[in-house]
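Dear colleague,

I am passing on the structure that we talked about, together with some notes on what turned up in it. Please open it first and keep it beside you while you read the rest.

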Amino acid sequence: MAAPVMEHNKHSSNALPHLTLVRTGSSTFQSPSEDGNFTDDVVALVQKEIGGDLKSLKKVSGLLEQLTLENKQLEEQVLTVSSSVPLRVSAALSTAEESRVKLESLLEKERLLSNTLQQHLQGAQVWADSIGQVLAQLDTLERHMKYLQCLARIEELSDSIQQYLMTNSMWDAVSAIDRMASLDMGLRESGCSHLQAFLRETLCFWHKILKDKLASDFEEVLTQFHWPFISPPTQTLSPPANVQEFNSQLELLVSQLLSLQTSDDLISGKRETPSRPGQSQTPPLSLPIQIMLLPLSKRFRYHFTGNRQTNNLSKPEWFLTQVLIWMGNSSNFMDEKIQPILDCAGAKVNARVELCRGLLTLAQEKLAQDTPRLLYDDALFCHLVDEVLQFEKELRSTHSYPRAHPGVLHILLEETVFQKWLSVERKMAVEKVDAMLSAEGAWSSQYKDITDVDELKAPDCAETFMTLLLVITERYRALPCPRAQLSFLALQKELVDDFRIRLTQVMKEESRQPLSPRYCAILNAANYISTVLSDWGDNVFFLQLQQAAVSVGEEILGPLGATETGRLASLEGSLFEALLALLERLRGDMLGRLLDAVMRDVKEKAQPYCKDRWISLPSQSDQATMSLSSSACPMMLCLRDHLLQLQQMLCLPLFQMFWQGLAERLNSFIYEDLILYNHFNEGGAAQLQYDMTRNLFPLFGHYCKRPENFFKHVKEACIILTLKVGPALLLCDMLKQSEEEEGILNHQQPSPESALNELGVYKLAPSDVQILLNLRSAWLNQS
């Protein structure tokens, strides 16, 4: 055995120079040599082929031959690759050399071609310079010719207009002026300033002559129709004798004036004019309407400017009403006479709306002049705001002025004026709240004697406060700017929160007497405000404001947060959500105090009843008739009186919450302080069941159909206490057995819960039922 081992070691040292086999006792294993260059693959191979068994050493020769063969194959592959590499390298070098030669040839050709091209360009530059000079001269001559052509065209149009006016060919003159206006617009981008100035002066000259002539004729025809209508038109005004002829003249003049619209707008610089930032642009008034407004404008400025008595800062309703009167007086004439002519001429305007726009301009100018002078007088400023809001309302409703056109509200949205408006609204609202809370009947309802109307039993102060908020809403509802509306909404929320704080302060003063009418009135007030705000949250107007608050609300309402913004955007929340939560907390706190006060009184009256001798009462068979326990009478009377009193003082939703909360507390009190505190014989259990089912439960039967459902602990305890002895013993045994076999699955034995359910017990747990069974005197006797 030694010789093979030595031979194996010798071959191993040649094939694997870093491997040494060490034999210790009867086992052989690999150990690394001192140079430490063993790899995991070699160790794994030797361990797999040889292992620790000495009999496996016969495999060494086969392993050596296999490794020698693989080594030889690898050497042949290396030799093959090394012999083919020089051939590939030499081929690549020769290809690179050929590419270099071709590149040098191409570069030489490029250099020759570049020199030839440069020489050609130098020779052609002389010709290009001479041709450029000729072209520049031709361009100058062309501009001069066009300049002279424009001058000739202007002179031609001017002569034509003069000739047309001399021959009274008004339509031809209007067409010539329109062509001259088109030429003026075509020269707008030109740099010929003198030519532009000459053309504009010529256009203005002939336009003024023609416009004055047409306007004079138009005013004469309007006079025949009794324009302007200062007072309401009546049937007594005799129509012109030759009304047909005047109608024809009116139609002709309106059409001709409409044709002058382009040149008139061009001369006066009236293009699309933005009325206010953020508002849509409005086109200039049509020329016929401008002329029709002249007499009304003169009358307006005569009466409402200067030192006239009618120009009174404290009476803005005078000029605002006058504008509305003129609109109403002129509407029929505009619809019947002017509108058909505009339609025939293809003018896409509404005659009545155009006249209203013109009259509104007078009112806007007057308001813009007077409003800054009233900022330091709160009374006059409030009056002005009221009149402006009323004017805007009548303008939109009575005169059907389109919402797309601005009215007069933008005057109130000037930053200084708007901030003054907000501050005055806040000041007036706070003063009114102070007055309504200090009024004599602040905490009584004006509808207290009308049951059908007074469902919420809201005190006067709460109803007046919400009316105040509603009035503020109606005042800012028509504002055209969502930011302004949100500013007023922030003011309303501030006022609601202030009123809530005032309610809390008054409530704390009354908390010593929570059963007083005033305390209940405060509770009704909180509930009424919460109900109204909830309804407002579903209102279309406030839903639209809610969407506006998502985009611009943070600037006015403060940071909303990602969650709140998401809820508002998805309409899950409302703008009043935070206020509703605070009011709900106040309402819950007040109801809790009210329930505490009633329960204190009930518990005090119930003490004799709780300490009654339930274990020694006569059985039901020993009594002729069952009657209410004498010790329970004070408690029942106390409950009845409080329920009747609070039903009168609380609104229906609050009273519903109250009696249900009271029933829940009574259920716990009777179960814990009476039933679990005493032991019962058969008579005591029967008496308790009679007192509960025939007296206590019916007290709450006035407010629901099944009052016993609010006293589940008491009802089920009575069921257990009044069980016959036999069923009670069986139930007790089953509960004990179930308790002993807890954790062991028994499909044949019914569960304690199912047995209790058959008796009508669903709320009490089996452990509670065992406690109740132990309270029966029969069990005490057995023990």
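**Salt bridges**

Asp-589 and Arg-593 join their side chains in a salt bridge, with 3.3 Å from N to O. Both belong to helix α18, and because they are four residues apart in that helix, about one helical turn separates them. Asp-589 is partly exposed, its relative accessible area being 34%, and Arg-593 is likewise partly exposed, with 32%. Please bear in mind, here and below, that this is a predicted model.

A search of the whole structure gives 31 salt bridges, and a few others may help you to see how they are arranged. In helix α3, Lys-146 and Glu-142 are also four residues apart, and therefore about one helical turn lies between them; their side chains meet in a salt bridge of 3.6 Å, taken from N to O. Lys-146 has a relative accessibility of 47% and so counts as partly exposed, while Glu-142, at 40%, counts as partly exposed too.

Asp-184 and Arg-200 form another salt bridge, in which the closest N and O atoms are 2.9 Å apart. This pair links distant parts of the chain, since Asp-184 sits in helix α4 (residues 170–186) and Arg-200 in helix α5 (residues 193–224), 16 residues apart. Is Asp-184 buried or exposed? With a relative accessibility of 8%, Asp-184 counts as buried, because the cut-off for that word is under 20%; Arg-200, at 29%, is partly exposed. Salt bridges can also be joined to one another, as in the network that links Glu-97, Arg-100 and Glu-104.

**The chain as a whole**

The protein chain contains 26 helices and four strands. Of its 783 residues, 39% are buried, and the chain exposes about 44,500 Å², of which carbon and sulfur atoms supply 54%. If you take the contacts in the chain with a separation of 6 or more, 72% of them are made by residues 24 or more positions apart.

**Helix α19 and its surroundings**

Helix α19 covers residues 633–649, and its 17 residues, at 1.5 Å a residue, should span 24 Å; the C-alpha atoms at its ends are 24 Å apart, so the expected span and the model agree. Which residues of α19 are buried? They are Met-635, Met-636, Cys-638, Leu-639, His-642, Leu-643, Leu-646 and Met-649, and the buried residues of this helix pack against α15 (517–537), α18 (577–610), α20 (652–675) and α21 (682–700).

His-642 is a useful residue to look up in α19, where its relative accessibility of 8% means that it counts as buried. Once its neighbours within four places in sequence are set aside, His-642 is in contact with Leu-515, Val-598 and Asp-601.

**Aromatic side chains**

The count of aromatic pairs comes to 27. One of them is formed by Trp-659 and Phe-710, which are arranged edge-to-face, with 4.9 Å from centre to centre and 70 degrees between the planes. This pair, too, links distant parts of the chain: Trp-659 is in helix α20, whereas Phe-710 is in the loop between α21 and α22 (712–721), 51 residues apart. Trp-659 is buried, with a relative accessible area of 1%, while Phe-710, at 29% relative accessibility, counts as partly exposed. Elsewhere, one aromatic cluster is formed by Phe-418, Trp-421, Tyr-476, Phe-488, Trp-536, Phe-541, Phe-542 and Phe-576.

**Two places on the outside**

Val-126, Trp-127, Ile-131, Val-134, Leu-135, Leu-138 and Leu-141 make a nonpolar surface patch of about 750 Å². Leu-135, which lies in helix α3 (residues 60–166), has 52% relative accessibility and therefore counts as exposed, the cut-off for that word being over 50%.

Lys-393, found in helix α11 (residues 378–397), counts as exposed as well, at 58% relative accessibility. How many residues along the chain lie between the positions of Lys-393 and Ala-478, and what separates their C-alpha atoms? The two are 85 residues apart along the chain, and their C-alpha atoms are separated by 8.1 Å.

With best wishes

Technical notes. Residues are numbered from 1 along each chain as its sequence is written. This is a predicted model: local features need pLDDT of at least 70, side-chain atom pairs count only at pLDDT 80 or more; totals for chains, interfaces and linings use all residues. Side-chain values use heavy atoms; hydrogens and water are left out. Helices (H or I, at least four residues) and strands (E, at least two) are DSSP runs, numbered from the N terminus. Buried means under 20% relative accessible area, exposed over 50%, partly exposed in between (1.4 Å probe, protein chains only). Contact means heavy atoms within 4.5 Å. Accessible areas come from the Shrake-Rupley method with a 1.4 Å probe; for residues, only the protein chains shown count as cover. The expected span of a helix is 1.5 Å times one less than its number of residues. Patches are made of residues with over 30% relative accessible area and no salt bridge: like charges are joined within 9 Å, nonpolar side chains (Val, Leu, Ile, Met, Phe, Trp, Tyr) within 5 Å. A salt bridge is a side-chain nitrogen of Lys or Arg within 4 Å of a carboxyl oxygen of Asp or Glu. Rings of Phe, Tyr and Trp (its six-membered ring) pair if their centres lie within 6.5 Å; planes under 30 degrees apart count as stacked, over 60 as edge-to-face and the rest as tilted.
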